[in-house]
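Here is a structure to read through in questions and answers. Have the model open while you go.

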Amino acid sequence: MPKTPKATPPKKTAAKSAARNTDSGPARVAPVAADDHAARKMAETQAMVASMPYNENKAEEHGFDNGVDPPAGQAVEAPSRLVGASTLSEENSSDKVGTAALDGLNATTDSLDRVRVDASGRALTTNQGVAIADNQNSLKYGVRGPVLLEDFILREKITHFDHERIPERIVHARGSGAHGFFECYEPLTRYTRAAPFQAAGKRTPVFVRFSTVQGERGSKDTARDVRGFAVKFYTDEGNWDLVGNNIPVFFIQDAMKFPDLVHAVKPEPHHQMPQAASAHDTFWDFVSLMPESTHMLMWVMSDRAIPRSFATMQGFGVHSFRLVNEQGESVFCKFHWTPVAGTHSLVWDEAVKISGADPDFHRRDLWERIEAGNHPEYELGLQIFTEEQAEQFSFDILDATKIIPEELVPLTPVGRMVLNRNPDNFFAETEQVAFCTAQVIPGIDFSNDPLLAGRIHSYADTQISRLGGPNFHELPINAPLVQVHNNQRDGMHRQAIHRGRVSYEPNSLAGGCPFQAGAAQGFVTVPARIRAEEEQGKVRAKPEKFADHYTQARLFYESQTPVEQGHIANAFRFELSKVTVPAIRERMVASLRNASEELAKKVADGLGMDPMPQPLPRALADPAPPEVAKSPALSLLSRPGDGSIKGRKVALLVAPGVEAEAIERLQAALAQRGAVGRLVGPRIGPVRTAAGDTLDADASLENEPGFLFDGLVLPDGDEAVAALSQDGHTAEFIRDQFRHCKTILAMGASRLLLAHAGVPVAMDKSLAQGGTGLIVVEPGAEESGAAAFLEALARHRHFGREMDPPLA
Ligand code: HEM
């Protein structure tokens, strides 16, 4: 059991924790250590803001005389560069983070620095660089007269504002991004000449965007949905985009069906409801008529679709791709990202509540992790297989509704990706980034997956309208690090200024430049001749094995733990209960019977459907027997991660009269392990402790409800317990923590709070062996309680105490 450390002075920890949050703060800013950038930024920002206690110029905005002689704006010098920075990485330079771009390790920073704007110490100007004397008033004829059309400053400002929004993405509109790097473990030259895999330790800068699919740009993060996991590698042979999801299969097999799928899942067109949810008629109508979606539905109804964090979900390239080596030899490959922190998800009740209290839950988590130095990290693993192997599989590797079980083709770990820098500006980077599956580099090639083929067209096409023309590749976030030379010219918003008069090839007026690179340097498509004696005429049809719609859906369901199976059944029950047309529900249950009678029965029972409908007719009566009947790797619980608690959030409840010592020690222990312990009181601000000292609550029971935290600590102290029990939020706070199977530590008198919330304290004894995650300790045993708490927190959740419907 880890010992609770005593080294960190507790008071400093409180300031440290408070400075690492983006959603609420303490009543006063505590003194901080100089090397703590987050706390220093907070303290210096507070000092700078406090030095401008009111708007000194306000009085001078009035009257004619002041109007013709406006004063210079009030400005103070920032205590340091950190105060005006978007992210801590500006100060925090190291080989992992920062603008220093050490040895080209984070070269994207360098290229983006070119366009980064720093207004410190500068006056306002128009877009033409003309200094603006007065930014408070429009130009009028007399102080009470009409505004004049000649006010070019007003018109420029308003016109730009009027056009501040661009169309949002058709799908994946809601997203969050981060910079980082990919590091190769060993040369992979045997299989591929792709630049990122050529040398051990080679680092390639990346930009990653995580997203939901269904919702609009401002929709909630915790919707039940697939998450996009798109990675742009800025390689030294051009940009390579691996545009994946957190689920390795997809709903459909052919791009021809993509608009239908998206129309079905988006809010219904007549009333534009529901937002960011698949629980409605049109979605279930469509998928129940498309049995190839059954495998994907299993994943989407599992907890995969409600991740705890972007840092705790897997990513997949989904399709079969090809790796191509220097000799032009190719193998097939599937890409897998595995989070070092393990795969952890929310539970549904929690996801629903979070969407109300903090719709930015995942965005905030990603931002805070990176600012705090808990950099999300993922290992890249490849499933490499040959054409000959592929021909033997019971499924078709061109079918995006199928996985290749890891037991059949194991993962080869080839490198790691670390996300270590937040964007400076959301719009310029995360919104304007343009991913496209067509963007591959020499060494990576496509398979004939018909879904992939549609994607290769779709992304660049849609980006032309989203980003206002064909030159979006010149936006800094999209531009490759290598030089771009071709004869494409003009178009909206062109930035490149081409020398000379030649924009064609072949030419002699520019000495033949730019010339075609040839096979040695350039991208060459794998010929992939079709050897089989299959029909090769033009045809609109699917290969035979695509018709096996249920074998892998069953494999997924049967590979889950009983807890996960329960969650899948509950999710089907919930979603189908929201369907208003019973025939759609019945059709779906009829389809599920082909995948799992047990699951179909549970869902039917939950919907009051008796008798069950007949199973749907199958497209393929006699599918090939699968290679594996169970794949333990498909369970979320099979990847607990490195056992650390980095990035977890813990609520330490406080109120006047709190026994503070144990709370402060635990907060320090959490900070030392990269977790965040927040002092949550009935209100923010100073809290008198039992010893007559003060603690500073930086969150309140109202502004940070219980379901936002991964764990809960209830303090000792009769007076504090009495105060907390007076506040109705406390019982809800505890009940949610209990219901969502999170780790709870109750010290001394706070046992009463558990009873008050209806939490069965006796459970502690009955389930103690397996670990209930409910730790109740007497006064004097706080240290061992804290150690047990930290250990239990690392297990993330304690499903042994889960009930359906919930107990409390
Ligand atoms: C395996 C199936 C698919 C996966 C894994 C996938 C993944 C993604 C991801 C991650 C994004 C967000 C990119 C970003 O962060 O900017 C995205 C956007 C998009 N996807 Fe897909 N997608 C799939 C299928 C398709 C298909 C079949 C089509 C069309 C034929 C399509 C069209 C689009 C479009 C139009 C966007 C918006 C792009 C933009 O505006 O920048 N996707 N997709």
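**Loops, ligand and sheet**

Pro-506 sits in the loop between H14 and helix H15 (551-558); helices (H or I, at least four residues) and strands (E, at least two) are DSSP runs, numbered from the N terminus. This is a predicted model, in which local features need pLDDT of at least 70, side-chain atom pairs count only at pLDDT 80 or more, and totals for chains, interfaces and linings use all residues. Residues are numbered from 1 along each chain as its sequence is written, and side-chain values use heavy atoms, with hydrogens and water left out.

Q: Which residue is joined to Pro-506 by a cis peptide bond?
A: Omega of this bond is about 10°. Most peptide bonds are trans. The partner of Pro-506 in the cis bond is Glu-505.

Q: Where is Pro-274, and what is the omega of its cis bond from Met-273?
A: Pro-274 belongs to the loop between helix H7 (258-265) and helix H8 (281-288). The bond from Met-273 to Pro-274 is cis, its omega near -10°.

Q: Which residue other than glycine has a phi near 50°?
A: Most residues other than glycine have a negative phi. Here the value is positive. The residue lies in the loop between H7 and H8. It is Ala-276.

Q: Which protein atom is the donor to the iron atom of the ligand?
A: Donors are N, O and S atoms within 2.8 Å of the metal (3.2 Å for Na, K and Ca); water is not among the atoms, so sites may look incomplete. The iron has a single donor from the protein, 2.0 Å away. The residue that supplies this donor is found in helix H14. The atom is OH of Tyr-459.

Q: Which element gives the most residues to the shell around the ligand?
A: The ligand is surrounded by 23 residues (a heavy atom within 4 Å). Strand S3 (227-235), strand S4 (238-245) and helix H14 (450-466) each supply at least two. The top contribution is 8 residues, from H14.

Q: How many residues of the shell around the ligand are charged?
A: Ala, Val, Leu, Ile, Met, Phe, Trp, Tyr, Cys and Pro count as nonpolar, Asp, Glu, Lys and Arg as charged, and the others, Gly among them, as polar. The shell has 10 nonpolar and 9 polar residues. The charged residues number 4.

Q: What is the distance from a polar side-chain atom of Gln-463 to an oxygen atom of the ligand?
A: A polar contact is a pair of N or O atoms within 3.5 Å. His-172 places a polar side-chain atom 3.3 Å from a ligand nitrogen. For Arg-466 and a ligand oxygen the value is 3.0 Å. For Gln-463 and a ligand oxygen it is 2.9 Å.

Q: Which strands stand at the edges of the open sheet?
A: The 6 strands run in the order S15-S12-S11-S16-S17-S18, with parallel pairing; two strands pair if DSSP finds at least two bridges between them. Each edge strand has a single partner, so one side of each is left without a neighbour in the sheet. The edges are S15 (699-700) and S18 (774-777).

Q: Which residue in S12 stands opposite Val-650?
A: Strand S11 (residues 649-653) and strand S12 (residues 676-681) pair in the parallel sense over 5 bridges. Opposite Val-650 stands Gly-677.

Q: Which residue in the turn between S13 and S14 has a positive phi?
A: Strand S13 (residues 685-688) and strand S14 (residues 694-697) run antiparallel, joined by 4 bridges. They form a hairpin with 5 residues between them. The phi is about 90°, and the residue is Gly-692.

How values were computed. A polar contact is a pair of N or O atoms within 3.5 Å; within protein, one must be able to donate a hydrogen and the other to accept it, and residues adjacent in sequence count only if both atoms are side-chain atoms.
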